[in-house]
Each structure stands twice: as structure tokens, then as C-alpha cells.
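Work through the exercises below with the sequence and the structure at hand. Each task is followed by a solution in steps.

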Amino acid sequence: MIGNSIIKLNGVDVFQQKHLVLSNVDLHIDKGDFVWLIGQTGSGKSSLLKIIYGDLALTSGSGHACGYDLAKLPERDIPFLRRKLGIVFQDFQLLTDRTIEQNLHFVMHATGWKDKNLINERTLDVLEKVGLRSKLKKMPHEISGGEQQRVVIARALLNDPEIILADEPTGNLDPDTSEEIVMLLKQISQQMGTAVIIATHDYHIIRTFPSRIIKCENGRVLEDVEIG
Ligand SMILES: Nc1ncnc2c1ncn2[C@@H]1O[C@H](COP(=O)(O)OP(=O)(O)OP(=O)(O)O)[C@@H](O)[C@H]1O
């Protein structure tokens with residue numbers, strides 16, 4: 001990381017297969033930034049996030065994410081980049097056959113945590129942050145959709161990420177629960193300095209939590225958009 005910079009893209013073209021989705025993208029995200037990402041279906045929001053988390057290769061322009069050079073990112077470094085990023089999707093993607101605790105432990109084992117005490121401590125710590133410490137032993141189907149999304153956020157926080165990338169995190173939630181989830185992400189960015197990018201179609205929630213807006217439109221990423 002250079003100074004406070006967490007994401008820096010310059011002149012990046014984003015491709016899906018051979019199809020150019022976004023061209024000449026410049027994007028800077030600093031520590032603690034809270035950014036809305038909007039744009040019509042198919043405009044390239046998910047593709048932009050995929051460039052950042054190394055799911056799409058950066059083949060033109062330059063880009064850095066959490067200290068990694070995206071243009072020269074060997075396959076073996078992708079898991080290390082992903083540890084510095086918390087990823088939150090619309091469909092909660094919890095393992096349905098395990099408790100909340102086991103879901104979190106699963107990720108910790110996969111990302112190199114070994115010490116049992118530290119694992120238990122960190123599990124409680126992140127559940128505390130999302131207000132779900134008491135749900136440790138519950139199965140995903142025993143908690144609400146909003147609570148499941150909180151667990152996903154807790155899971156994203158396990159490795160103390162520099163940034164959370166959230167792709168339609170409230171897409172399956174009712175308006176009140178959506179507000180709670182965004183409020184939680186906002187608190188995390190303010191209290192912990194974690195940068196947050198949220199892709200959404202929900203203009204109501206953007207108006208409720210006004211912040212910087214970027215937009216994918218006609219193959220470009222526009223900065224400082226106003227939604228009126
Ligand atoms: N795996 C893929 N292979 C080929 N083309 C793809 C793939 N994924 C997405 N695309 C295409 O890339 C373009 C951008 O898609 P992307 O998913 O980034 O849009 P989006 O803005 O996130 O849309 P949505 O709001 O529906 O999630 C679309 O034209 C889409 O059809």
C-alpha cells in the first residue's frame with residue numbers, strides 16, 4: 001500500500017472473454033472510503049469488482065489493490081490478495097450444513113489460521129462486531145436473511161481486510177434490513193478505516209446514506225455522479 005491508497009486503477013480496460021466491458025478506467029480508493037457503485041444491468045459493475053479481486057486478469061493499463069500489482073499477479077498470489085479483501089455477495093453463500101461458528105472456522109482454516117484459541121477469539125470478535133455473538137451455534141436456516149448477511153460480513157472481516165467489496169449485498173433483503181446492513185458497513189468503514197465499495201441498484205438506500213458515487217455507463221466508469 002502506498003500511503004492511504006488501497007485501490008489504484010489507471011487506464012484499465014476490463015474484458016469479459018474478448019468483449020470490452022469498460023475502457024480506460026481510472027479509479028482511486030483510499031483507506032476508509034465509502035463508495036457506491038451504480039449502473040444498469042450488464043454495465044460492468046461486477047466485472048470492475050472482479051478486476052479488483054483478481055477474478056479477471058488485468059491485461060491493459062495499470063492497477064494495484066492492497067499492495068498487489070494486478071497486472072503482474074501470479075495465480076499463487078491471488079489467495080493472499082483475497083485475504084486483504086472482504087467479499088460480500090447478494091446470495092449469502094454460507095455453507096448450509098454447518099453452524100455459523102463452523103462457517104467462520106472453515107474460512108479461517110482455509111486461510112492459514114492454526115491456533116485454536118486465536119480462532120475462537122477471532123470468531124467471537126467478528127460476530128460481536130456484527131451483533132451476532134449469541135448465534136454462534138445456530139445453523140444458517142435458523143437465522144434471518146439479514147442475520148445471514150451479517151454473518152457474511154463477519155466472515156469478510158476475519159482477516160482484517162483493507163477493503164470490503166459488496167456486490168448487491170442487500171438485493172435479497174427488505175428495506176429495513178437493507179438499511180441495517182448498509183449502516184453496519186458504514187460503521188465498519190468509519191470505525192475500522194476499512195474501505196467499502198457497494199454495487200447496488202437501490203437508489204433509495206444511496207439517498208439514505210449519501211456518499212461518493214461512481215457509475216458504469218456506456219463502457220466507462222464515471223466519477224462523482226449525482227442521482228438527484
Ligand atoms: N463470465 C462471462 N463471460 C462472458 N461475458 C460476461 C461474463 N460475465 C459478464 N459478462 C458480460 O459482461 C458485461 C458486464 O457484466 P457485469 O456482470 O459486469 O454487469 P453488472 O453491471 O454487474 O450487471 P448486474 O447489475 O446485472 O449484476 C455484460 O455484457 C455481461 O453479459
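The exercises cover confidence, strand pairing, the ligand shell, the nonpolar core and two residues with positive phi.

**Exercise 1. State how confident the predictor is in this model.**

Solution. The model is predicted. Start with the protein chain: its average pLDDT is 93, and 99% of the residues score at least 70. Then take the complex, for which the predictor gives an ipTM of 0.95 and a pTM of 0.92.

**Exercise 2. Find the strands that pair with β9 and give the sense of each pairing.**

Solution. Step one: strand β3 (residues 34-38) runs parallel to β9 (residues 212-217), and four bridges join them. In this pairing Trp36 stands opposite Ile213 of β9. Step two: β9 also pairs with strand β10 (residues 220-222), in the antiparallel sense and over three bridges. Here Glu217 faces Arg220 of β10 as its opposite residue. Step three: look at the connection. Two residues lie between β9 and β10, which form a hairpin, and Asn218 in the turn has a positive phi of about 50°.

**Exercise 3. Describe the shell around the ligand.**

Solution. First count: 13 residues surround the ligand, and the closest are Gln16, Thr41, Lys45, Ser46 and Ser47. Next assign them to elements: β2 (19-30) and α1 (45-52) are those that give two or more residues to the shell. The most comes from α1, with three residues. Last, sort by type: two are nonpolar, 10 polar and one charged.

**Exercise 4. Locate the largest nonpolar core and follow the contacts of Leu37.**

Solution. The largest nonpolar core has 56 residues. Among those with the most contacts inside it are Leu37, Leu48 and Ile163. Helix α5 (residues 145-157) gives the most to this core, with six residues. Now take Leu37: leaving out residues up to four places away in sequence, Leu37 touches Lys45, Leu48, Ile197, Ile198, Ala199 and Ile214. As background, nonpolar side chains tend to be buried together in soluble globular proteins.

**Exercise 5. Are Asp160 and Glu168 buried, partly exposed or exposed?**

Solution. Most residues other than glycine have a negative phi. Asp160 has a positive phi, near 55°, and sits in the loop between α5 and β7 (163-167). Asp160 counts as exposed because it has 12 C-beta neighbours inside 10 Å, and the cut-off for exposed is 12 or fewer. Glu168 also has a positive phi, near 50°, and lies in the loop between β7 and α6 (175-192). Glu168 has 18 other C-beta atoms within 10 Å, so Glu168 is partly exposed.

Definitions and conventions: Residues numbered from 1 in each chain as written. Predicted model: local features only at pLDDT ≥ 70, side-chain atom pairs only at ≥ 80, totals over all residues. Pairing = 2+ DSSP bridges. pLDDT = per-residue confidence, 0-100. Near = placed C-beta within 6 Å. Nonpolar A, V, L, I, M, F, W, Y, C, P; charged D, E, K, R; others polar. Core = buried A, V, L, I, M, F, W, Y, C linked by C-beta atoms within 7 Å. Buried ≥ 20, exposed ≤ 12 C-beta atoms within 10 Å, placed from the backbone. Contact = placed C-beta atoms within 7 Å.
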